[in-house]
Amino acid sequence: QVQFVESGGGLVQPGGSLRLSCAASGSIFSPYAMAWYRQAPGKQRELVATIAHGGMTNYQDSVKGRFIISRDNAKNTMYLQMNSLKPEDAAVYYCKYCPGYVCYEGGVGSWGQGIQVTVSS
């Protein structure tokens, strides 16, 4: 079992910034990758960004240049720095732990409980 503590969500005005954190604990075994997903009301959950075991990152096109994913292996914690936020970024953001070197779409893993991000003036 993997447990997660997600933090950093909330309400921000368009153009603002937020930093999400996801601290994982429990059955964490190296190598592992992590990812952020999001789900807006009435929409399917979508992949936002991934960070591989070795640190390689990948982003959804709509967030490239605005979001930065990172990880602190010593703390088993992943971050998502979100800049220049837009109303369309509003969603519940979920972190995912993926056993192995990378996170695959639809692959096995454990999910955080989700954290709300609201972008509104």
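The torsion about the S-S bond of C98 and C103 is about 100° in this predicted model, and the disulfide is therefore right-handed. The sulfur atoms of C98 and C103 lie 1.9 Å apart, within the 2.5 Å that qualifies a pair of cysteine sulfur atoms as a disulfide. With respect to solvent, C98 has a relative accessibility of 2% and counts as buried; C103, at 15% relative accessibility, is likewise classed as buried, because the class takes in residues under 20% relative accessible area.

The bond between C98 and C103 is one of two disulfides that the structure holds. In the other, C22 is paired with C95, and the two sulfur atoms are separated by 2.1 Å. The link of C22 and C95 is right-handed, with 55° about the S-S bond. This pair connects distant parts of the chain, since C22 belongs to strand β3, which spans residues 18–26, while C95 belongs to strand β9, which spans residues 91–99, and the two cysteines are 73 residues apart. Both ends of this link are assigned to the buried class: a relative accessible area of 0% is computed for C22, and a relative accessible area of 0% is also computed for C95.

When the bonded cysteines are counted along the protein chain, the connectivity of the disulfides follows the pattern 1-2, 3-4. In chemical terms, each such link is a covalent bond between the sulfur atoms of two cysteines.

Notes
Residues numbered from 1 in each chain as written. Predicted model: local features only at pLDDT ≥ 70, side-chain atom pairs only at ≥ 80, totals over all residues. Heavy atoms only, no water. Helix = DSSP H or I, 4+ residues; strand = E, 2+ residues; numbered from the N terminus. Buried < 20%, exposed > 50% of the residue type's maximum accessible area, 1.4 Å probe, protein only.
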